Amino acid sequence: MPLEFAPEGAAALPLHVIEQDALEDWLSGQSATVATWVQAAGFTGGLGQSLLVPDGNGAPEMALAGYGTEAARKRGRFHLAAQAASLPEGVYRLEGLAPERAAEEALGWLFAGYAFDRYKDQKPAKATLVAPVGVDAARLEAIAAGEALTRDLINTPTSDMGPIELEAACADLAKAQGAEIEVIRGEALLDENFPMIHTVGRAADQAPRLIDMRWGDTGPNLTLVGKGVCFDTGGLNLKPGSSMGLMKKDMGGAATVLGLARMIMALKLPVRLRVLIPAVENSVSGNAFRPGDILTARNGMTVEINNTDAEGRLVLADALSFGAEAEPDLMISMATLTGAARVAVGADIAPYFTDDGVLSGALDAAAHEVADPVWRLPFHEPYEAMIEPGIADLDNAPKGGFAGAITAALFLRRFAGATRYAHFDIYGWNQSAAPGRPKGGVGMGARALLQALPEVLAL
Ligand code: BES
Ligand code: ZN
Ligand code: ZN
């Protein structure tokens, strides 16, 4: 049963969580047979170690999970996901874990049950956990399901996850959660005044579209906007092969807001939720938009295209203008927007921008609580001049590339109007496997936001 806990009351093998320094003490309370077995197996309590301990008949009597030292644990998260992956199939019950670590470890255990197996059999963890006492099991299961959705959407290559399939995935989610969905496709984007979404997406075989999903009828209005560039070739400013290889993940923002939306809907948060996804492919063809073109955005601003590879801010701009027109209480965008964000903070941290101190305070605390690292970067006003080229209102790709994540964020803010706003420049990809986090697509910032929302929106 992947991504779920064992039913309450299931027969379970005790899994003793043992810190390295506490092993000797723990062994002194065990029988000589157990102590001999543990020592003979070389179990030291090191982080990630696991060991089955048999009874006199050779049947498993208990299992041990090495929990290392605090210093070692600080270098990672979801530590017990390592044991979830290495222990044999069966049901386990945690013993000896500090209660304040239980929620993170239980969630990591669920994450270990995820594998992307659409194209090949994979081996997700088969060890199931009884939800530790004191954790909200249903909440963690909803979070794990949302995260799995995000990962699946990102991992699926563009051959099976173009704008058409991304729309279908949204429709499936809407149906399952009782949300409503409207989609504006192709030429209709021009009639309905989404010129930049149309321009970026028009060179691709699959028509560009704006997906608009709504759910909930009470509470504050929350609008999530996700960059849904299903593949980013760079357009006529073609990316070199080494930079294009991973660009199936350029809809990581869309995937992450959909994962977050799934969590919000499954948990029935008292909000009126709207999800806006401009879904396009940034492709190359005779009708592709060109460097030097000047576009007029939905809100009337003119934008000089100085690089067709800075396409994310263009499609998001029209979606943000549209979102802001409804004056929501909070609007959040998520996007794999700039390489500069990666240079600044690496793949593991989600940088975000907001002018709202309450939001950033709540978010930083929540991020720490749920092990979903984020870091605030500034909407630095003096850099506004860098996105103003001269013959149009805005420049989509300021020369020099200094502060690339900040100038991209400032560009987006021009379209959010007076709406309370935060923007996340995420990577959406885990570069090397870690416990509970296989290499591949991954959600960033969604769990921190989920945790922060009650305070941010006074729910
Ligand atoms: N999708 C990319 C950004 C990206 C690249 C995110 C690699 C994660 C990993 C985006 O559309 C892009 O190409 N941005 C350019 C903007 C520049 C031309 C102003 C960038 O960051 O180099
Ligand atoms: Zn690009
Ligand atoms: Zn892109």
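In this predicted model, two zinc ions share a ligand: Asp232 bridges the zinc ion (ligand 2) and the zinc ion (ligand 3), which sit 3.2 Å apart. Asp232 belongs to strand β9 (residues 228–232), while Glu311 lies in the loop between β12 (302–304) and α12 (312–325), so to speak a link between distant parts of the chain, 79 residues apart. Neither of these two acidic residues is out in the open: Asp232 has a relative accessibility of 3% and counts as buried, and Glu311 is buried as well, at 1%.

Taking the metals one at a time, the zinc ion (ligand 3) gets its protein donors from Lys227 (NZ), Asp232 (OD), Asp250 (OD) and Glu311 (OE). These donors lie 2.0 to 2.4 Å from the ion. Six donor atoms surround this zinc ion (ligand 3), with angles of 76 to 174° among them, and the site comes out as octahedral. For reference, the ideal angles for six octahedral donors are 90 or 180 degrees. Read along the sequence, the donor residues of the zinc ion (ligand 3) follow the spacing K-x4-D-x17-D-x60-E.

The zinc ion (ligand 2) is held by Asp232 (OD), by Asp309 through both O and OD, and by Glu311 (OE), at 2.0 to 2.2 Å. Here, too, there are six donor atoms, but the angles they subtend run from 72 to 169°, and the arrangement is classed as irregular. An octahedral call needs opposite donors over 155 degrees apart and all other angles between 65 and 115. The donor spacing for the zinc ion (ligand 2) reads D-x76-D-x1-E.

Part of this metal-binding stretch also carries an annotation. An unreviewed UniProt entry places the feature "domain: Cytosol aminopeptidase" at residues 307–314. In the model, the chain over residues 307–314 is 38% helix and 0% strand, and the C-alpha atoms at its two ends are 11 Å apart.

As for cysteines, the structure holds zero disulfides. Cys170 is not in one, and the nearest cysteine sulfur, that of Cys230, is 9.4 Å away. A disulfide would need the two sulfur atoms within 2.5 Å, so this pair does not qualify. Cys230 is likewise in no disulfide, with the sulfur of Cys170 as its nearest cysteine sulfur. Both side chains belong to buried residues: Cys170 has a relative accessible area of 1%, and Cys230 comes in at 0%.

Turning to another buried position, Thr354 is found in strand β14 (residues 350–354). Its relative accessibility is 3%, under the 20% limit, so Thr354 counts as buried. What does the side chain of Thr354 reach at 2.8 Å? The partner is the backbone oxygen of Tyr421. Leaving aside residues up to four places away in sequence, Thr354 touches Leu359, Ser360, Arg376, Phe379, Tyr421 and Ala422. Tyr421 therefore turns up twice around Thr354, in the list of touching residues and as the owner of the backbone oxygen reached by the threonine side chain.

Methods. Residues numbered from 1 in each chain as written. Chains lettered and ligands numbered in written order. Predicted model: local features only at pLDDT ≥ 70, side-chain atom pairs only at ≥ 80, totals over all residues. Heavy atoms only, no water. Donors = N, O, S within 2.8 Å, 3.2 Å for Na, K, Ca; no water. Tetrahedral: all angles 85-135°; square planar, octahedral: opposite > 155°, others 65-115°. Helix = DSSP H or I, 4+ residues; strand = E, 2+ residues; numbered from the N terminus. Buried < 20%, exposed > 50% of the residue type's maximum accessible area, 1.4 Å probe, protein only. UniProt positions renumbered as here; feature names shortened; annotations may be inferred. Polar contact = N/O pair within 3.5 Å; in protein donor to acceptor, adjacent residues only side chain to side chain. Contact = heavy atoms within 4.5 Å.
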